[in-house]
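Here's a chain to walk through together, with a visitor asking and a guide answering. Have a look at it first.

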Amino acid sequence: IEAPPWVDEYASALCKRVAVCREKMLSALPPQQKTMLSMQIPSQEACLKNTRTFKDKAPKPVLDDTEKRALASCLRDVPKMACGNVQTGKVPECQTIAGLIAEAQGNPPASASATP
């Protein structure tokens, strides 16, 4: 299933940040802790694959204006996010976008109401 261009934008910004954080965190750890952390934080490739893989349907091809604004501010804030926040997605705008992606992957975001 083909991911729409906005998914690619989001995934590449997010996954680049994840990769930077992964490197930083791994380089700060003693060798015996590296293995566990390297399994917890996905590599850039794994992150991209997770974010851009859809089973049944791709997310909507075009975002509405609110979602476009959310994506823009998410992309602006991702590089500034603290490493811990990258994994938890602490930027509210990013949660909107992650929610759209999760929905298409069949993993409804926890906060979403059950609308068919």
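What follows is a short conversation about confidence, helices, the core and charged pairs.

Visitor: Before we start, what sort of model is this?
Guide: Residues are numbered from 1 along each chain as its sequence is written. Local features need pLDDT of at least 70 and side-chain atom pairs 80 or more, while totals for chains, interfaces and linings use all residues, side-chain values use heavy atoms, with hydrogens and water left out, and the model is a predicted one.

Visitor: What is the mean pLDDT of the chain?
Guide: pLDDT is the predictor's confidence in each residue, from 0 to 100. Here 92% of the residues reach 70 or more, and the mean over the chain is 88.

Visitor: Which element has the highest mean pLDDT?
Guide: Elements here are DSSP runs numbered from the N terminus: helices (H or I, at least four residues) and strands (E, at least two). At the low end sits H5, with a mean of 82. At the top, with 96, is H4.

Visitor: Over which residues does pLDDT stay under 50?
Guide: Where pLDDT is low, the predicted coordinates shouldn't be read in detail. Contact means heavy atoms within 4.5 Å. The model has zero contacts beyond four places in sequence for the stretch you're after, residues 112-116.

Visitor: How far apart are the end C-alpha atoms of H1?
Guide: The expected span of a helix is 1.5 Å times one less than its number of residues. H1 has 23 residues, so it should span 33 Å. The model agrees, with its end C-alpha atoms apart by 33 Å.

Visitor: Which helices do the buried residues of H1 pack against?
Guide: Buried means under 20% relative accessible area, exposed over 50%, and partly exposed in between (1.4 Å probe, protein chains only). In H1 the buried set includes Trp6, Val7, Tyr10, Ala11, Leu14 and Arg17. An α-helix has 3.6 residues a turn, so residues three or four places apart point the same way. The partners of the buried residues are H2 (31-40), H3 (44-52), H4, H5 and H6.

Visitor: Which helix supplies the largest share of the largest nonpolar core?
Guide: A nonpolar core is a set of buried Ala, Val, Leu, Ile, Met, Phe, Trp, Tyr and Cys residues joined through side-chain atoms within 4.5 Å. This one has 28 residues, and Trp6, Tyr10, Leu71, Cys94, Ile97 and Ile101 touch the most other members. At least two residues each come from H1 (5-27), H4 (65-77), H5 (83-88) and H6 (92-104). The largest share, eight residues, belongs to H1.

Visitor: Which residues does Leu14 touch, leaving out those up to four places away in sequence?
Guide: Leu14 lies in helix H1, and at 12% relative accessibility it counts as buried. Val62 is 48 residues away in sequence and 19 Å away in space, C-alpha to C-alpha. The residues Leu14 does touch are Val78 and Val86.

Visitor: And Thr51, is it buried or exposed?
Guide: Thr51 belongs to helix H3. Not counting residues up to four places away, Thr51 touches Val7, Tyr10, Ala11, Cys15, Ile101 and Gln105. Its relative accessible area is 9%, so Thr51 is buried.

Visitor: How many salt bridges does the structure hold?
Guide: Side chains of opposite charge can pair when their charged atoms come close. A salt bridge is a side-chain nitrogen of Lys or Arg within 4 Å of a carboxyl oxygen of Asp or Glu. Asp77 and Lys80 form one of them, at 3.6 Å, N to O. The total is three.

Visitor: Which residue pairs with Asp8 in a salt bridge?
Guide: At 28% relative accessibility, Asp8 counts as partly exposed. The side chains meet at 2.3 Å, N to O, and the pair links helix H1 with helix H3 across 44 residues. The partner, itself partly exposed at 34%, is Arg52.

Visitor: What about Glu67: which residue is its salt-bridge partner?
Guide: Glu67 is in helix H4 and is buried, with a relative accessible area of 11%. Not counting residues up to four places away, Glu67 touches Lys60, Ile97 and Leu100. In the salt bridge, the N to O distance is 2.8 Å. The partner, partly exposed at 36%, is Lys60.
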